[in-house]
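Trainee: I'm new to this one. Could we look at it together?

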Amino acid sequence: MQTLVLGAAIVDLMMQIDRLPRSGEDILCKKRKTVVGGCAYNVANTLKNFDCEHDLCVPVGKGSFADIIRRDMREKGYKPIIQELRRR
């Protein structure tokens with residue numbers, strides 16, 4: 001049986017900080033990590049880890065975050081098939 005996973009893929013920015021800032025305060029982060037996530041993307045990666053057959057269908061827009069998502073999808077073997085939908 002094959003599963004179709006529909007939903008979202010997003011880019012999470014994870015930052016290591018010493019403490020939470022007070023209201024209106026800025027603080028510097030020590031480390032920053034960019035990770036692709038989102039409900040559908042996380043489910044698809046779990047299915048991939050269990051060697052379950054599946055397809056992933058998530059909208060990916062344009063811009064630097066979309067480029068990160070596309071690159072991660074290619075590295076994991078997902079093929080973005082639908083390139084563009086146009087409104088009439």
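Mentor: Happily! Let's begin with a term: a salt bridge is a side-chain nitrogen of Lys or Arg within 4 Å of a carboxyl oxygen of Asp or Glu. This is a predicted model, so local features need pLDDT of at least 70 and side-chain atom pairs 80 or more, while totals for chains, interfaces and linings use all residues. Residues are numbered from 1 along each chain as its sequence is written, and side-chain values use heavy atoms, leaving out hydrogens and water.

Trainee: Which residue meets Asp72 in a salt bridge?

Mentor: Asp72 is buried, with a relative accessible area of 17% (buried is under 20%, exposed over 50%, partly exposed in between, with a 1.4 Å probe and protein chains only). Its partner counts as partly exposed, at 31%. Their N to O distance is 3.1 Å, and the partner is Lys76.

Trainee: How far apart in sequence are the parts that Asp18 and Lys30 tie together?

Mentor: The closest N and O atoms of Asp18 and Lys30 are 2.9 Å apart, and both residues are exposed. Each lies in the loop between strands S2 (10-16) and S3, so the pair ties together parts that are apart in sequence by twelve residues.

Trainee: Within what arc do the buried residues of H1 fall?

Mentor: In helix H1 (residues 39-49), Ala40, Tyr41, Ala44, Asn45 and Leu47 are buried. Helices are DSSP runs of H or I, at least four residues, and strands are runs of E, at least two, numbered from the N terminus. Seen down the axis, using directions from the axis to the C-beta atoms, these buried residues line one face of H1, because they fall within an arc of 160°.
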